[in-house]
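User: Could you take a close look at one part of this structure for me? I would like to see how the last helix fits in with the rest of the chain.

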Amino acid sequence: MKSRKKKKSKKTICLSKLRKEAWLKCATFIKLRDKGICFTCGATGCTGRNYHAGHYIPKSICGALLYHDERNIHGQDYKCNINLGGYGAAYGRHMVEVYGKEEVDVLWELKKDKKTQKDELYYKKIILYYD
């Protein structure tokens, strides 16, 4: 019996391309905004592969509203974002210092949103915003 590969639908491919483009534009903005400074440890001069746009509330659980929310994303060096898994304790402390506890609580409430869908229109709005 031959195994057949499933063809991806054009819609899936289109959404994945839009998702990638939206994230690249957002991440580029964050890295420029934060000027090579790691939000969690304060390291300076971070560039290239050593400089990431890292999420406070991880993108695996943050939901559509926070995935591209600039308050939830900051420049992080490789060590903090990858080796230390986002360095959540330091990230959280710094978030409260910068935004205040009330604003951080708002982000955690937004995490609960289940209504906003990441569809074609959502990604196109993000891309246009960063263009």
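What follows starts with the whole chain, moves to the last helix, and then follows its surroundings.

Analyst: Happy to. Please keep in mind that this is a predicted model. The mean pLDDT of the protein chain is 90, and 90% of its residues reach 70 or more. Among the elements, strand 2 (residues 73-77) has the highest mean pLDDT, 98, while helix 2 has the lowest, 86.

First, the setting. The protein chain has six helices and two strands, and from the N terminus on these run α-β-α-β-α-α-α-α. Along the principal axes, the C-alpha atoms fill a box of roughly 55 × 35 × 30 Å. Of the 131 residues, 36% count as buried. Among contacts with a separation of 6 or more, 69% are between residues 24 or more positions apart.

Now to helix 6 itself. Which residues of helix 6 are buried? They are Tyr122, Tyr123, Ile126, Ile127 and Tyr130. These residues cover an arc of only 130° around the axis, so they lie on the same side of helix 6. The spacing fits a general rule: an α-helix has 3.6 residues a turn, so residues three or four places apart point the same way. On the face turned away from the buried side, helix 6 carries the exposed residues Leu121, Lys125, Leu128 and Tyr129.

Two neighbours in this list, Tyr129 and Tyr130, are worth a pause. Tyr130 is buried because its relative accessible area of 16% is under the 20% cut-off. Tyr129 has 57% relative accessibility and counts as exposed, because that value is over 50%.

Tyr130 also takes us across the chain. The structure holds seven aromatic pairs. In one of them, Phe29 and Tyr130 are tilted, with 5.4 Å centre to centre and 45° between the planes. This pair links distant parts of the chain, since Phe29 belongs to helix 1 and Tyr130 to helix 6, 101 residues apart. Phe29, at 32% relative accessibility, is partly exposed. Tyr129 and Tyr130 form an aromatic pair too, this one edge-to-face, with 4.7 Å between the centres and 85° between the planes. Tyr130 thus takes part in a tilted pair with Phe29 and an edge-to-face pair with Tyr129. Elsewhere, Phe39, Tyr56, Tyr91 and Trp108 form one aromatic cluster.

Next comes the core. The largest nonpolar core has 23 residues, and those with the most contacts inside it are Trp23, Cys26, Ala53, Tyr56, Ile57, Ile73 and Met95. Helix 6 (120-130) is one of the elements that give two or more residues to this core, along with helix 1 (10-34), helix 2 (63-67), helix 4 (88-99) and helix 5 (101-111). Helix 1 gives the most, with six residues.

Ala53 offers a good view into that core. Ala53 lies in strand 1 and is buried, with a relative accessible area of 11%. Leaving aside its neighbours within four places in sequence, Ala53 is in contact with Trp23, Ala27, Ile30, Lys31, Ile73 and His74. The C-alpha atoms of Ala53 and His68 are 10 Å apart, with their positions 15 residues apart along the chain.

Trp23, one of the contacts of Ala53, also has a charge over its ring: the charged end of Lys59 sits 5.1 Å from the ring centre. A second lysine, Lys118, lies over the face of Tyr67, at 4.2 Å from the ring centre.

To finish, two loop residues may interest you for their backbone angles. Lys35 has a positive phi of about 55° although it is not a glycine. Lys35 lies in the loop between helix 1 and strand 1 (51-55) and is exposed, with a relative accessible area of 68%. Tyr87, also not a glycine, has a positive phi of about 50°. Tyr87 lies in the loop between helix 3 (78-83) and helix 4 and is partly exposed, with a relative accessible area of 32%.

Back to your request, then: helix 6 has its buried residues on the same side, gives two or more residues to the largest nonpolar core, and is linked to helix 1 through the pair of Phe29 and Tyr130.

Terms used. Residues are numbered from 1 along each chain as its sequence is written. This is a predicted model: local features need pLDDT of at least 70, side-chain atom pairs count only at pLDDT 80 or more; totals for chains, interfaces and linings use all residues. Side-chain values use heavy atoms; hydrogens and water are left out. A nonpolar core is a set of buried Ala, Val, Leu, Ile, Met, Phe, Trp, Tyr and Cys residues joined through side-chain atoms within 4.5 Å. Buried means under 20% relative accessible area, exposed over 50%, partly exposed in between (1.4 Å probe, protein chains only). Helices (H or I, at least four residues) and strands (E, at least two) are DSSP runs, numbered from the N terminus. Contact means heavy atoms within 4.5 Å. The arc is that of the directions from the helix axis to the C-beta atoms. Rings of Phe, Tyr and Trp (its six-membered ring) pair if their centres lie within 6.5 Å; planes under 30 degrees apart count as stacked, over 60 as edge-to-face and the rest as tilted. A charge sits over a ring if NZ of Lys or CZ of Arg is within 6 Å of the ring centre and within 35 degrees of the ring normal. pLDDT is the predictor's confidence in each residue, from 0 to 100.
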